[in-house]
Structures are given as structure tokens and as C-alpha cells.
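Open the model in your viewer and show the side chains as sticks. The tour below gives a selection at each stop and says what is there.

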Amino acid sequence: TVLIPWYEGGFAPLAGVAARLFDHVFDTVRPVAVDGPPAEWLSATGADHRTMLLAHHDGVPWQGTVTLRDVPVAYDACRDLLSGETLSFDRAGSDVRLNLALPPYGVRLIRWYAK
């Protein structure tokens, strides 16, 4: 009976319905959403920028879209801090979308800031 609130059964994994419920709840507060193959991300906010690290842990190239929530509208420029490359992105209110490609085991360090 202890496991019933978590929709588990003994040594079984979290029930599919519970996993989908948690995904739905967490999606509303998650600052970064990755659309594409799995990738690890980290997001940080500074006094005058918003920065995101995206890491790909597989031996094949990665391609997908990353959406960050609550990026100030004043942040109108974006660049990769590792390569110096200026990146173009789409904005919908305070959300920004960026199409990215990473090489196998690649890392991108992306910063949004005001010009």
C-alpha cells in the first residue's frame, strides 16, 4: 500500500500513466524543452543574459529544436560561446526557439543577450 500513491507495483517501474502525468505537470514549469533525440541541458540566468548548455552523449550527429521559456524580450542576440558563431532564433512572446545540430558527443554553450 505504500507504493500505491506513486503508481508503482513492488519492483516494477513507474506506471506509464503516472509518467505521462508527471511529464504533463513538469512541462508547465520546465525552463527548457528539447524536441529531438535525447540531450542533456542546463540553463542559467545572469544579470544581463540567459545561457543554456546542451550536451549530446551519443556517437551519431544530433539535430533538434530547443525552446527556452521566459527569456526577456530585450535579449535580441544569440551566440555560441564556444565557437563564437552568431545564431538566429525564433521568438514567441518570452519563449525562444533555436534549431541546433551537434556532432557526435558534441556540446553547445548558447547565450541570449541584449545587443
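**Stop 1: strand 4 and its partners**

Select V66 and L98: V66 stands opposite L98 in strand 7. The model is a predicted one. Now widen the selection to strands 4 and 7, which pair in the antiparallel sense over seven bridges.

Next, add strand 1, residues 32-35. Four bridges join strand 1 to strand 4, and these two run antiparallel. Within this pairing, V32 stands opposite L68 in strand 4. Colour strand 4 by accessibility: six of its seven residues are buried, so the strand is mostly covered.

**Stop 2: the nonpolar core**

Stay with V66, L68 and L98, and add M52, L100, I110 and W112. These residues touch the most other members of the largest nonpolar core, which has 17 residues. Strand 3 (49-55), strand 4 (62-68), strand 7 (95-102) and strand 8 (107-113) each supply at least two residues of this core. Which strand gives the largest share of this core? Strand 7 does, with four residues. As a general point, nonpolar side chains tend to be buried together in soluble globular proteins.

Centre the view on M52 and hide its neighbours within four places in sequence. The remaining contacts of M52 are V32, L42, S43, V66, L68, L100, R108, L109, I110 and W112. V32 and L68, the facing residues from the first stop, are thus both on display here.

**Stop 3: the aromatic pair**

Select F89 and W112. The structure holds one aromatic pair. The ring centres of F89 and W112 are 6.1 Å apart and the planes stand at 80°, so the pair is edge-to-face. F89 lies in the loop between strand 5 and strand 6 (90-92) and W112 in strand 8, so the pair ties together parts that are 23 residues apart in sequence. Are these two residues buried or exposed? F89 counts as buried at 19% relative accessibility, because the cut-off is under 20%. W112 counts as buried at 0%.

**Stop 4: two loop residues with positive phi**

Most residues other than glycine have a negative phi. Select D70, in the loop between strand 4 and strand 5 (77-80). Phi of D70 is near 60°, a positive value, and D70 counts as exposed at 58% relative accessibility.

Finish at Y105, in the loop between strand 7 and strand 8. Here phi is positive as well, near 55°. Y105 has 57% relative accessibility and counts as exposed.

Key: Residues are numbered from 1 along each chain as its sequence is written. This is a predicted model: local features need pLDDT of at least 70, side-chain atom pairs count only at pLDDT 80 or more; totals for chains, interfaces and linings use all residues. Side-chain values use heavy atoms; hydrogens and water are left out. A nonpolar core is a set of buried Ala, Val, Leu, Ile, Met, Phe, Trp, Tyr and Cys residues joined through side-chain atoms within 4.5 Å. Buried means under 20% relative accessible area, exposed over 50%, partly exposed in between (1.4 Å probe, protein chains only). Contact means heavy atoms within 4.5 Å. Two strands pair if DSSP finds at least two bridges between them. Rings of Phe, Tyr and Trp (its six-membered ring) pair if their centres lie within 6.5 Å; planes under 30 degrees apart count as stacked, over 60 as edge-to-face and the rest as tilted.
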